[in-house]
Amino acid sequence: MRTAVLASAALSVTAAAAGRLKKREIEPVTIRGNAFWRGDERFYMRGVAYQPGGASNVSDPIADTAGCLRDVENFKRLGLNTIRVYTVDNTANHDECMEALADAGIYLALDVNTPLYSINRADPHPSYNAVYLQNIFATIDVFQEYDNTLLFFSGNEVINDPETSNTAPYIKAVTRDIRQYIRNRGYRSIPVGYSAADVGENRMETAQYMNCGTEDERSDFFAFNDYSWCSPSDFITAGWDQKVQNFTGYGLPIFLSEYGCNTNTRDWGEVTSLYHTNMTGVYSGGLAYEYTQEPNDYGLVELGPNGELEELEDFQVLADAMAATSDPPGDGGYDSQTAVSECPPFNDPNWLVRSDSLPAIPQGALRYMDEGAGDGPGLSGSGSHFAGGASTGTATAGSGEATRTGSAGGGSSTSGGESGSESAATSLLTSRSVAPIICGAIVVLSSLLGSSLL
């Protein structure tokens with residue numbers, strides 16, 4: 001009996017260690033200069049938006065193992081390395097889907113907000129509160145475990161016209177808070193940034209604002225949803241040449257967090273341009289919108305009531321465009337120098353931010369930086385928009401720096417965060433550190449089984 005118990009324990013240790021190893025099989029993507037990197041190789045996002053059911057059916061596709069495993073096969077056929085998910089359940093288990101994605105070489109770009117836990121553009125101040133931050137920190141806790149978590153979006157299209165530009169300080173505060181939480185908890189350096197609507201009146205102001213101020217306040221990247229290329233079109237007709245010119249020297253990685261105008265039949269000609277050296281010195285690829293057909297008619301596949309899929313015309317056209325377009329050789333003309341923007345001045349009616357100061361983190365959320373967020377509410381929580389406990393003051397510049405060196409999660413960090421190469425190295429060391437555990441468990445198990453035969 002004792003031998004059996006010990007053997008079982010050894011097997012459990014081995015299985016647990018192997019499980020941890022499996023989560024570390026894919027190399028994390030890091031940032032250097034204005035680009036993403038997988039090791040020493042430039043990483044360009046070739047992705048799709050993935051939220052079956054859309055906004056009308058709030059669910060977590062990463063927790064739907066059967067659906068995920070079915071769709072991973074199509075992601076491979078499309079030639080993808082990234083999917084974007086807008087809503088997840090931070091109480092659910094995501095291991096099987098995330099491991100299947102990792103096995104396929106696919107990374108996750110994740111929105112941390114849900115419809116009930118988000119910044120309310122109509123009244124942003126009360127919605128930036130401790131209950132809201134606890135939910136998004138709990139989501140960070142869940143997904144930082146996976147090395148194919150590519151990045152976190154702190155918000156999506158919160159600013160969708162000139163009037164809602166007054167929400168910018170709250171978006172930026174959330175980005176600051178997530179970055180500080182990741183550092184305080186000792187997690188690897190997962191990039192955090194904002195996915196903007198392509199609002200012509202304040203596109204550049206939004207980008208500049210997310211990259212101005214002290215280091216703790218600035219984003220790791222900037223992304224925007226761009227539907228200006230409507231087939232048939234080209235680099236100049238779509239105005240993409242001007243956007244490349246405007247963002248040259250910006251200093252942060254930029255990519256399209258959504259693209260794929262459907263005004264006309266889509267020929268996906270923008271794929272060729274997006275991965276051409278005309279753009280890769282500034283852009284790092286993009287995410288086509290979207291995988292499943294929803295009422296807005298952007299889908300690549302039609303999802304039936306019993307989970308069956310029907311490919312739509314756009315599916316093969318996009319797959320062919322991806323297959324015919326290679327990444328440029330070498331570094332793609334990236335800019336190795338980072339740069340800090342000047343904060344844009346108040347400009348009524350297009351940019352309604354009067355001060356460079358940000359709201360202070362709500363008092364009730366400070367403890368999460370040291371204690372962790374604990375369990376999240378999932379998709380059945382009561383929401384946070386009017387939960388109380390909002391910010392009561394203005395932050396001091398630099399207050400978002402890490403206040404401790406965390407011990408939870410994938411390796412240690414310093415108060416200044418890890419460099420890209422250090423972050424990747426930490427992840428690899430984490431993987432290797434469990435190898436002795438496995439070897440030791442096997443030795444113990446072999447000894448026990450041998451003894452039982454004597």
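This is a short dialogue on how labels are assigned in a predicted model.

Trainee: What makes up the secondary structure of the protein chain?
Mentor: The chain has 14 helices and 13 strands. Buried residues account for 55% of its 454 residues.

Trainee: Why is Ser257 called buried?
Mentor: Its relative accessibility is 0%. Buried means under 20%. Ser257 therefore counts as buried. The residue lies in strand β10, residues 254-259.

Trainee: What makes the pairing of Ser257 with Asn225 a polar contact?
Mentor: The two side chains are 2.5 Å apart. The cut-off for a pair of N or O atoms is within 3.5 Å, and one must be able to donate a hydrogen and the other to accept it. The Ser257 and Asn225 side chains therefore qualify as a polar contact.

Trainee: Which other residues does Ser257 touch, leaving aside neighbours within four places in sequence?
Mentor: Among them are Arg84, Tyr86, Phe153, Ser195 and Leu287.

Trainee: Why is α5 called oblique to α6?
Mentor: The axes of α5 (residues 130-143) and α6 (residues 168-184) cross at roughly 45° and come within 11 Å. Angles under 35 degrees would be roughly parallel, and 65 to 115 roughly perpendicular. The crossing angle fits neither range, so α5 is oblique to α6. The crossing is right-handed.

Trainee: Which residues of α5 and α6 meet?
Mentor: From α5 come Tyr132, Leu133, Ile136, Phe137, Ile140 and Asp141. From α6 come Val174, Asp177, Ile178, Tyr181 and Ile182. By class, that contact has 9 nonpolar, no polar and 2 charged residues.

Trainee: Why do residues three or four places apart in a helix point the same way?
Mentor: An α-helix has 3.6 residues a turn, so such residues share a direction.

Trainee: Why is Glu157 called partly exposed?
Mentor: Glu157 has 25% relative accessibility. Buried is under 20% and exposed is over 50%. The value for Glu157 falls in between, so the label is partly exposed. Glu157 sits in the loop between β7 (149-156) and α6. Its phi is positive, about 50°, although Glu157 is not a glycine.

Trainee: What makes Asp297 partly exposed?
Mentor: Its relative accessible area is 48%. Exposed needs over 50%, and buried needs under 20%. Asp297 is therefore partly exposed. Its phi is also positive, near 70°. Asp297 is found in the loop between β11 and β12.

Trainee: Which peptide bond leading to Glu290 is cis?
Mentor: The bond from Tyr289 to Glu290, with omega near -5°. Glu290 is in the loop between β11 (283-288) and β12 (301-303).

Conventions
Residues are numbered from 1 along each chain as its sequence is written. This is a predicted model: local features need pLDDT of at least 70, side-chain atom pairs count only at pLDDT 80 or more; totals for chains, interfaces and linings use all residues. Side-chain values use heavy atoms; hydrogens and water are left out. Axes are lines fitted to C-alpha atoms, for helices over the stretch in contact, and angles run from 0 to 180 degrees between N-to-C directions. Helices (H or I, at least four residues) and strands (E, at least two) are DSSP runs, numbered from the N terminus. Angles under 35 degrees count as roughly parallel, over 145 as roughly antiparallel, 65 to 115 as roughly perpendicular and the rest as oblique. A crossing is left-handed if the near helix is turned anticlockwise from the far one by less than a right angle, and right-handed if clockwise. Contact means heavy atoms within 4.5 Å. Ala, Val, Leu, Ile, Met, Phe, Trp, Tyr, Cys and Pro count as nonpolar, Asp, Glu, Lys and Arg as charged, and the others, Gly among them, as polar. Buried means under 20% relative accessible area, exposed over 50%, partly exposed in between (1.4 Å probe, protein chains only).
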